[in-house]
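Student: Could we take a close look at the salt bridges here? Please walk me through the pairs one by one.

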Amino acid sequence: YFLSERPFYELVLKHLRPGDMPTHMFHGAVPWVDESGKLYDYLGQARKRGIKFDVGHGGGSFVFRNAVPAIEQGFYPDSISTDLHQGSATGAMMDMQTTMSKFLAMGMPLDEVIKASTWNPARQIQREELGHLTPGAVADVAAFRMVKRKFRFRDVGNGAIDGNQRLFCELTLREGQVVW
C-alpha cells in the first residue's frame, strides 16, 4: 500500500472497513504531515470511519519523522505492536518494552501506552477475555520496572530521540504461571 498508484490515503478512506487495522502505521514511505508539520486530514477522517491504526514496529517500518508529529498532535496508535523477527530484534526495534518506551519518550502518557499494548489490541482482534486484569480474567501479566535516566531511542531510518524513562520487563505470567 505504499505504491504511488495505490496511495495509503485511498486504502484507509476507500477500501478498508470499520474495524480494519493497517499495521506499520509509521512506515517511512507513507507521508503523515504536510509542509507545515500538520497531520494530513485523511488520517482523522479514517479514524472517524472506524479504522484502527497499529504500530507494527519492525526492522523497516517505523520512523520518528512520522511518529513524533502524530503523538504531539494527539494522534495515538490504537495498538502498539512489534513485527518481531531476527532482523528487528537485533535492530532499532529490539522488543516490546523498547517500543513502548519510545512512545513514552515521544510524550504519550503511560496509561495510554499500556492500554494500546494490552486492552485495545485484545478488543481489536475480538479477544476481550485478554488484555485486562479484572476479576475472573486470565492471569496474563507483564511486570515492568521503570528506569529513569537518559536514554536514546532509534528508528529504522537512523533517526533518534532522547527520553528520560524506559520500561524493562521483570516478570511475565501466562495464565498465572511464570514464563519469564
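Tutor: Start with Asp-162 and Lys-150, whose side chains meet in a salt bridge at 3.9 Å, N to O (a Lys or Arg side-chain nitrogen within 4 Å of an Asp or Glu carboxyl oxygen). This pair links distant parts of the chain. Asp-162 lies in strand 3, while Lys-150 sits in the loop between strand 1 and strand 2, 12 residues away. (Helices, H or I of at least four residues, and strands, E of at least two, are DSSP runs numbered from the N terminus.) Asp-162 is partly exposed, at 37% relative accessibility. Lys-150 is exposed, with 65% (buried is under 20%, exposed over 50%, partly exposed in between, with a 1.4 Å probe on protein chains only). Asp-140, Arg-174 and Glu-175 form one network, joined by salt bridges that share partners.

The model is predicted: local features need pLDDT of at least 70 and side-chain atom pairs 80 or more, while totals for chains, interfaces and linings use all residues. Numbering runs from 1 along each chain as its sequence is written, and side-chain values use heavy atoms, without hydrogens or water.

How many salt bridges does the structure hold? It holds 10. One of them pairs Lys-38 with Asp-41. Their closest N and O atoms are 3.0 Å apart. Lys-38 is partly exposed, with a relative accessible area of 43%. Asp-41 counts as exposed, at 52%.

Next, take Asp-20 and Arg-17. They form a salt bridge too, with closest N and O atoms 3.6 Å apart. Is each partner buried or exposed? Asp-20 is buried, at 19% relative accessible area. Arg-17 is exposed, at 58%. This bridge therefore joins a buried residue to an exposed one.

Now return to strand 3, the home of Asp-162. Strand 3 covers residues 160-163, and buried residues of helix 3 pack against it (contact means heavy atoms within 4.5 Å). The same buried residues pack against helix 5 and against strand 2, residues 151-154. Helix 3 itself spans residues 64-72 and is mostly covered. Seven of its nine residues are buried. Among them are Phe-64, Val-68 and Ile-71. Asn-66 is buried as well. After helix 3 comes Gly-74, with a positive phi near 80 degrees.
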